[in-house]
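Biologist: Could you take me through one part of this model closely, namely the surface around the DNA? I would also like to see how that part sits within the rest of the assembly.

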There are 2 protein chains.
Amino acid sequence: MSESKREILKKKILDAAEKCIETQGLTALRARDVTKDAGCALGSLYNAFEDMDLLILSVNSRTLARLHASLKDASASQEAPKETLLTLALAYLEFGTENPNLWAALFDHRMQPGVPVPRWHLEEHAVLIAEIIGPLSQLSPNLDEDTLASRARTVFSAVHGIVKLSLEGRFVALDPNTVRAELSEFVSQYLREAD
Amino acid sequence: MSESKREILKKKILDAAEKCIETQGLTALRARDVTKDAGCALGSLYNAFEDMDLLILSVNSRTLARLHASLKDASASQEAPKETLLTLALAYLEFGTENPNLWAALFDHRMQPGVPVPRWHLEEHAVLIAEIIGPLSQLSPNLDEDTLASRARTVFSAVHGIVKLSLEGRFVALDPNTVRAELSEFVSQYLREAD
DNA sequence: CGGTGATTCTGAACGTCGTTCAACACTAAA
DNA sequence: TTTAGTGTTGAACGACGTTCAGAATCACCG
């Protein structure tokens, strides 16, 4: 048997949770809805997952894998480091636009107070930043490893902020084309030659 | 009487809520704790405020006023638009660093599903962006009003993203000096002359 | 097959939360 | 003092995540 019954049920619950977050958002996720959707009893959720936090982290794990794949796809088609960085930023925006609730869950979720995010999940987040270290080091070959890591985090955070606040529509609902143009302009401006 | 009893109680509840968010964070805010701290019954909270959302919005309103004042103070001491923008970014970082929980509440809070954020509160957020429109228009006098507004939102979002992800320590706990240096470097790079 | 120990599944029950509301207390004009 | 109106109270409600004792199921052996 390739999958035990236990694993099948765990996957059903994970699928149901993912669908709920995708369609209704993280805050609409309910243990009772998920288990009803998965066709099992309420308590079975706690056999499959330690608690709701770990269930959400598992959904986020899937999302991060898809996001990471999208970014790798996007950057694979580029040669010059500046084009790679611009393409990565636009791919990041596109993923967030097309998966708004799943993407938001990556950054909106908070663990119960006092419980740290597991290391394996932090490392899954770190691969996003790792993706931009390559082209960044090509642009600044003289940077040492630590500075490069900080710089990559900074650039990622800036792009992330632009995508996040525009998708939240916190200030005003924005036209997607305008956002894409603004992000593109911003990255180009940051990377432009000072010759 | 300068303040009715009603207004005094409302202020007491607001103070208690602010103190709770400041010391323990938004997610630790409880109606029962707040009213006990304010010295009134649980139900009185709902005489003073429509619900918890509006109470949180009122706390955020205070925080935004303080943040806005900090930004105006910071930019008042500058003449050149680039220095103004850099100073604003660093002042924003400083405010977030010194008021982590209150500042996080500004962006972490979500209304109940289906309930929109009141217009008066959206406008309180907008003043942050308005603060950078001035120096930005000095740098790009040829931009029309709409583009300038989008550009201001973009620049704000980028700086915000850098501050937010570093204060959350999502990827790794960061040295404050490193963050300040990175933010400063980033803004300078974005604004540097292309002569 | 039947027995038996371990494992998994179940859903009622618990504690906590925001919110409501009928009863009560207070105030101020008649 | 009476009375109408307003403010205050905290028990109660429904929804939530989580637990756990009992029921069901499984795996192995005689």
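Modeller: Happy to; what follows starts at the DNA and then moves outward to the domains, the chain contact and the core.

A word on conventions first. This is a predicted model, in which local features need pLDDT of at least 70, side-chain atom pairs count only at pLDDT 80 or more, and totals for chains, interfaces and linings use all residues. Residues are numbered from 1 along each chain as its sequence is written, while chains are lettered from A and ligands numbered from 1 in the order in which they are written.

Let us begin with DNA strand C. It is surrounded by 18 residues, and the closest are Ala41(A), Gly43(A), Gly43(B), Asp51(B) and Met52(B); a residue is near a strand if its C-beta atom, placed from the backbone, lies within 6 Å of it. Two elements give two or more residues to this surface: α1 (5-24) of chain A and α2 (31-38) of chain B. Helices here are DSSP runs (H or I, at least four residues) and strands are E runs of at least two, numbered from the N terminus. The largest share near DNA strand C, three residues, comes from α1(A). By class, the surface near DNA strand C has nine nonpolar, four polar and five charged residues. In this scheme Ala, Val, Leu, Ile, Met, Phe, Trp, Tyr, Cys and Pro count as nonpolar, Asp, Glu, Lys and Arg as charged, and the others, Gly among them, as polar.

Now turn to DNA strand D. Around DNA strand D there are 18 residues, of which Gly43(A), Asp51(A), Met52(A), Ala41(B) and Gly43(B) come nearest. Here α2 (31-38) of chain A and α1 (5-24) of chain B each supply at least two residues, and α1(B) gives the most, with three. The surface near DNA strand D divides into nine nonpolar, four polar and five charged residues.

The two chains themselves superpose: a turn of 180 degrees with a shift of 0.0 Å along the axis lays chain B on chain A with an RMSD of 0.0 Å, by least squares on the C-alpha atoms of residues with pLDDT of at least 70 in both. The two copies are therefore related as by a two-fold rotation axis.

Within chain A, an automatic or database assignment sets the bounds of domain 1 (1-49) and domain 2 (60-191). Their centres, taken over C-alpha atoms, are 28 Å apart. Five residues of domain 1 of chain A are in contact with seven of domain 2 of chain A, contact being C-beta atoms, placed from the backbone, within 7 Å. Chain A has nine helices and zero strands.

Between the chains, the contact takes 29 residues from chain B and 28 from chain A. On the chain B side, α7 (119-139), α8 (145-168) and α9 (176-191) each supply at least two residues, with the largest share, eleven, coming from α8(B). That side has twelve nonpolar, ten polar and seven charged residues.

Finally, the core. Ala89(A) and Ala89(B) have the most contacts inside the largest nonpolar core, which has 90 residues. Such a core is a set of buried Ala, Val, Leu, Ile, Met, Phe, Trp, Tyr and Cys residues joined through C-beta atoms within 7 Å. Ala89(A) touches Val159(A), Leu183(A) and Val187(A), not counting residues up to four places away in sequence.

Definitions and conventions. Contact = placed C-beta atoms within 7 Å. Buried ≥ 20, exposed ≤ 12 C-beta atoms within 10 Å, placed from the backbone.
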